[in-house]
Amino acid sequence: MDEKRLSDKEIIKKYAKIKESLDSLKTGWSEIFVLASVCNIAGSIILVIAIPIMIIWSLFALPIYFWKKGRFLANTGISFEQASSNFEFISDNIVYIALIRQLCMLNPSAKPGQIALIKELYGVDESIINEYIFDDNLSDEDLEFYKKYSKKMTLSAKKAFAHKLFKLAIVEDGIRNDEWKLLMNILEQLDFNQNYINYFIKRYKPLRTEYDDYGNKDNSSAKKNSVSLLKPYYDILGVDENASDEEIKRAYHNLALQHHPDLAKNAGRVKESEQMMAKINEAYEKIRN
């Protein structure tokens with residue numbers, strides 16, 4: 001194993017020890033507060049004994065914690081804050097790192113944008129991103145080491161993770177068919193029920209660059225409807241009433257790439273983007289039906 005990988009491990013190990021000391025102190029005080037909520041004689045007696053012990057423990061532990069935190073940069077070569085970001089990235093994603101890598105590998109030309117997005121989402125160094133995702137240098141021994149620090153994914157964490165995967169897929173030009181199929185497979189691996197899967201399909205379907213028979217094939221013809229009634233919807237999509245189905249799909253996709261609320265460029269106008277996408281979705285559904 002090379003020196004840099006060993007250094008990464010040592011940094012994570014050192015950070016984890018410092019974090020554990022503070023977490024233990026927090027847990028101790030949390031248990032004190034829980035005990036304080038129990039209004040009985042036994043609880044009061046324990047509190048009288050426990051609070052002084054916790055105060056003494058805090059007086060010793062906190063200065064040591066802040067001293068180690070202050071010395072972290074000198075001892076490891078990176079700041080404590082950066083180590084924290086790296087640690088959170090690992091603990092949140094190490095179990096699913098192969099899924100992130102698999103998705104990113106489908107579109108090599110999007111790598112610069114994907115690296116920039118991961119840095120924005122997690123605050124980690126580019127070197128960490130390359131090592132853990134793009135270079136695929138993690139051995140089984142590495143994985144076992146880092147899994148010690150992994151967190152169990154709650155439903156909320158899984159949803160947030162899935163959103164991040166979709167955002168990685170749309171970095172360059174939208175979600176291609178191979179990316180879409182992989183994302184649908186990943187949603188099943190994450191044990192989402194059909195309601196959640198339908199939610200993700202509805203939210204990200206506008207950003208697909210291609211259409212096939214995987215879930216949402218559009219074979220309807222707009223020409224079956226009265227053009228006079230549908231004209232306002234054609235206007236929203238910016239196409240002529242005689243536009244072909246392919247032209248309508250392309251216009252819909254291009255507008256989604258401009259106004260979808262999950263695009264990084266729309267982070268400062270999420271509410272406006274959601275309202276605009278609602279109009280675009282309505283127009284597309286009215287025309288295709």
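## Helix 2 and its nonpolar patch

I55 has its place in helix 2 (residues 41-76), where helices are DSSP runs of H or I with at least four residues, strands are runs of E with at least two, and both are numbered from the N terminus. This is a predicted model, in which local features need pLDDT of at least 70 and side-chain atom pairs count only at pLDDT 80 or more, while totals for chains, interfaces and linings use all residues. Residues are numbered from 1 along each chain as its sequence is written, and side-chain values use heavy atoms, with hydrogens and water left out.

With a relative accessible area of 40%, I55 is partly exposed; buried means under 20%, exposed over 50%, and partly exposed in between, with a 1.4 Å probe and protein chains only. I55 joins I51, I56, L59 and F60 in a nonpolar surface patch of about 500 Å². Such patches are made of residues with over 30% relative accessible area and no salt bridge, with nonpolar side chains (Val, Leu, Ile, Met, Phe, Trp, Tyr) joined within 5 Å and like charges within 9 Å; a salt bridge is a side-chain nitrogen of Lys or Arg within 4 Å of a carboxyl oxygen of Asp or Glu.

## Helix 5 and its two faces

The twelve residues of helix 5 (residues 111-122) should span 16 Å at 1.5 Å a residue, and its end C-alpha atoms are 16 Å apart, in agreement with this; the expected span is 1.5 Å times one less than the number of residues.

In helix 5, the residues Q114, I115, L117, I118 and Y122 are buried. They lie on the same side of helix 5, because they cover an arc of only 165° around the axis, the arc being that of the directions from the helix axis to the C-beta atoms. The buried residues of helix 5 pack against helix 3 (80-93), helix 4 (97-105), helix 6 (126-134) and helix 8 (155-169), whereas the face turned away from the buried side carries the exposed residues P112 and E120. After helix 5 comes G123, whose phi is positive, near 70°.

## H259 in helix 12

H259 is found in helix 12 (residues 245-259) and counts as buried at 15% relative accessibility. Leaving aside neighbours within four places in sequence, H259 is in contact (heavy atoms within 4.5 Å) with N266, R269, S273, M276, M277 and I280.

## The chain as a whole

The chain has 13 helices and zero strands, and 42% of its 289 residues count as buried.

Notes. Accessible areas come from the Shrake-Rupley method with a 1.4 Å probe; for residues, only the protein chains shown count as cover.
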